[in-house]
Amino acid sequence: MEPTSAQFHENVDKALHDADLQTALHRVDKNFAARRTAAVTAMPEFEALRDEAVRIKDHTLDHLDLYLETFEENVIASGGQVHWAATPEDARQIILDLCQTAGARTVTKGKSMIAEEVALNPFLEQHGITPVETDLGEYIIQLADEPPSHIIGPAIHKTKEQVSDLFATHHEKLGKTKRLTEGSDLVAEARDVLRPRYLEADVGITGANFLIAETGTSVIVTNEGNGDLTQQLPRMHIVIASLEKIVPTLEDASTILRVLARSATGQQMSVYTTFSTGPRRADDPDGPDAYHVVLLDNGRSKLLGTAFRDILRCIRCGACFNHCPVYASIGGHAYGWVYSGPMGAVLTPTMIGIEEAHHLPSATPFCGRCEAVCPMRIPLPKMMRHWREQAFDKKLDPARQRVALRVWAWVAQRPALYRRLTGLAVRYLAWRGRPLGRLRDLPLAGGWTDSRDLPAPQGQTFSAQWARQRQGNA
Amino acid sequence: MGATATGERVSGRDAILGTIRTSLGARDDDAARKAVSARLQTHPRNLVPDRSAVGDAERVAMFVSQIEATHASVARVAEPADVPAAVAAYLAQHNLPARATLAPDVADLDWKSQPLLETRVGVPVESDPVGVTAAFAAIAETGTLMLTSGAGSPMTLNLLPDNHVVVLRRRQVTGSLEDAWDRLRTHQGDAGMPRTAMFVSGPSSTADIELTLYLGAHGPRRLHIILVED
Ligand code: SF4
């Protein structure tokens, strides 16, 4: 998709005035965080599992070249093939070639953020191949011709009425003339409409939550079972995955699975977690005849050597979205590209450039909730700060903000002054925000609070609290 | 795919691996290779939650209560010979057609004992209402079935029919995912992984419309487990 991240302020404005979107976001806010908390509380080892998960991914990234080579060997040994794609263009071309070898006219697709990243659907359509999204959320946004607004719930911004309208418009030609209003009827109709598509598809394309080096396996995690039908029924199964999805062993994938579903939806395990290795075996009664893995780089190999390396631990669980006050106010589309939320604010500039995307890492109150819930302990706020520094160096921020920052830097280098001023500011802000516990406008930051509230500070500054605690402990 | 395309892909591969090595910087290559092959050889367990380290009876009870919490149902029978009657009873209880498609793995059971139940063995067609398959293992920790592909186990039978009945032997119930992998490794030996290993925790569901849970999104609306106690 063409990024609109540069028009972030306009996007935000639109989002804040979209009543349906605001209702939907309120639902996200209410639902996911509570479910995650319940799941995490029910697992006494959760924090230790996070540490293990981080250790596994760090070890893998340290040996990424070797694990990728092993993965490739094992895919080939089980009868499949690996294709390396340096750029989105390469990935699209490889997939098109594969589809054409299979004589494909229709391909079914499981949910894949990487397919979104490389803009696969429009490319296939241009070449006469019809891609059919099968995840209900992806199917809805495909009908609406919109990008996903959340990595685990792509259509989370749509109301039931909007879905009902979309189905009425698009399903009429399929003989479904009755406008449905019940959620269960809408789900049943989508199932009905998609069933024949699974069966007629020549190729099934899925993403991967993990690639396993030890066995040459790809893993998908879904609740609907759509990805499973996509990878079982057609003659060819193509997996598109970015190269940091790799983990060493089945045991390593199992450990990360324990934090993934809990962080994402509050489930212990998603309904379907499926490990696919190669094409069907000689005596298998079903399954695809061919298995291909397209490994996408798109700058990740470079990222590995930068201050943004830790974002490569991301397992796309969505927890940082569900706990982000910015995401909760504006939703995913305002970020203007495929990835949104705190994770997107860090990742998007690596892909479309900081010039285009510099507003995203700036739109943060640095509340730290994203890092606190991230199962992979990714220091998202720190990385947003890195981007802000780069944006500042490149003079990408408006003049007023840059002046403010320089003033702040000057003050911050003078500890006594800093303490006094921030102490004053905190007391001022606490007073201003008293009735609501949130601030509707901020001095010098009107551009920020015009469209969002800042949680009012509670009590003292951090440094004052720190000093007091230190005294208390001494 | 022409020769050039393939050539480019090979160089794409080398370029990507080259950039990764540059990004990783200087390292002791020998030590790195040793660390990697040791991990792959021994595939050590990481932290496994305590919850599933319990005795046999408790483990089975844990599996049952966990999978029931995911909207699946469980019936217990004494021995394999009782399975066909349990399938017939389940279909009758839910007013479902008395017509089941069987995985070859369960075809040997005494289906003739149920003359009113029409059965067929093999890969399902779209309209088949009921699939009966056999589990490879089950995991108590999360209430999860492990279903693996093979000559006797078509994977589409776990997905296409609206109603999925799974036959599970009591001794197949393990504690953790790691326990299940151990069993698969032992079972497969040199054959390595099967094409598919599915972990199933409940019937198909979606929350993509207003975050409300609906069952039967694309896969089975109902998941029923027949637990054979022998
Ligand atoms: S950054 Fe962390 S919390 Fe956000 S999607 Fe990635 S793993 Fe999940």
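**Aromatic rings, a ligand site and three loops**

Phe275(A), Trp181(B) and Phe199(B) form one aromatic cluster. The model is predicted. Within the cluster, the rings of Trp181(B) and Phe199(B) are edge-to-face, because their planes stand at 70° and an angle over 60 degrees counts as edge-to-face. The ring centres of Trp181(B) and Phe199(B) are 5.3 Å apart. This pair links distant parts of the chain: Trp181(B) belongs to helix α5 (residues 177-188) of chain B and Phe199(B) to strand β9 (residues 196-200) of chain B, 18 residues apart. Both Trp181(B) and Phe199(B) are buried.

Over all chains, a search of the whole structure finds 8 aromatic pairs. One of them joins Phe321(A) and Tyr327(A), edge-to-face, with 5.3 Å from centre to centre and 65° between the planes. Phe321(A) and Tyr327(A) are both buried.

Aromatic rings also meet charged groups in chain A. The charged end of Arg385(A) sits over the ring of Phe366(A), at 4.8 Å from the ring centre. Likewise, Arg92(A) has its charged end over the ring of Phe123(A), 5.4 Å from the centre of that ring.

The ligand comes next. The space it takes is the second largest cavity. Around the ligand are 13 residues, of which Cys314(A), Cys317(A), Gly318(A), Cys320(A) and Cys374(A) come nearest. By character, the residues of this shell divide into 11 nonpolar, 1 polar and 1 charged.

Some loop residues complete the tour. Asn298(A) is in the loop between β10 (290-296) and α13 (300-303) of chain A. Its phi is positive, about 50°, although Asn298(A) is not a glycine. Asn298(A) has a relative accessible area of 16%, and it counts as buried because the limit is under 20%.

A positive phi is found in chain B too: Asn95(B), also not a glycine, has a phi of about 55°. The loop that holds Asn95(B) runs between α4 (83-93) and β2 (99-102) of chain B. At 72% relative accessibility Asn95(B) is exposed, whereas Asn298(A) is buried.

The last loop residue is His358(A), placed between α17 (354-357) and α18 (359-362) of chain A. With 8% relative accessibility, His358(A) counts as buried. His358(A) and Ala345(A) are 13 residues apart in sequence, and their C-alpha atoms are 8.7 Å apart in space.

Definitions and conventions: Residues are numbered from 1 along each chain as its sequence is written. Chains are lettered from A and ligands numbered from 1 in the order in which they are written. This is a predicted model: local features need pLDDT of at least 70, side-chain atom pairs count only at pLDDT 80 or more; totals for chains, interfaces and linings use all residues. Side-chain values use heavy atoms; hydrogens and water are left out. Rings of Phe, Tyr and Trp (its six-membered ring) pair if their centres lie within 6.5 Å; planes under 30 degrees apart count as stacked, over 60 as edge-to-face and the rest as tilted. Buried means under 20% relative accessible area, exposed over 50%, partly exposed in between (1.4 Å probe, protein chains only). Helices (H or I, at least four residues) and strands (E, at least two) are DSSP runs, numbered from the N terminus. A charge sits over a ring if NZ of Lys or CZ of Arg is within 6 Å of the ring centre and within 35 degrees of the ring normal. A residue is near a molecule or strand if one of its heavy atoms lies within 4 Å of it. On a 1 Å grid over the protein atoms alone, a cavity is a set of points where a 1.4 Å probe fits but cannot get out, and a pocket is an open set with protein on both sides within 12 Å along at least five of seven lines; lining residues have an atom within 4 Å of a point. A molecule sits in a cavity or pocket if more than half of its atoms lie within 2 Å of its grid points. Ala, Val, Leu, Ile, Met, Phe, Trp, Tyr, Cys and Pro count as nonpolar, Asp, Glu, Lys and Arg as charged, and the others, Gly among them, as polar.
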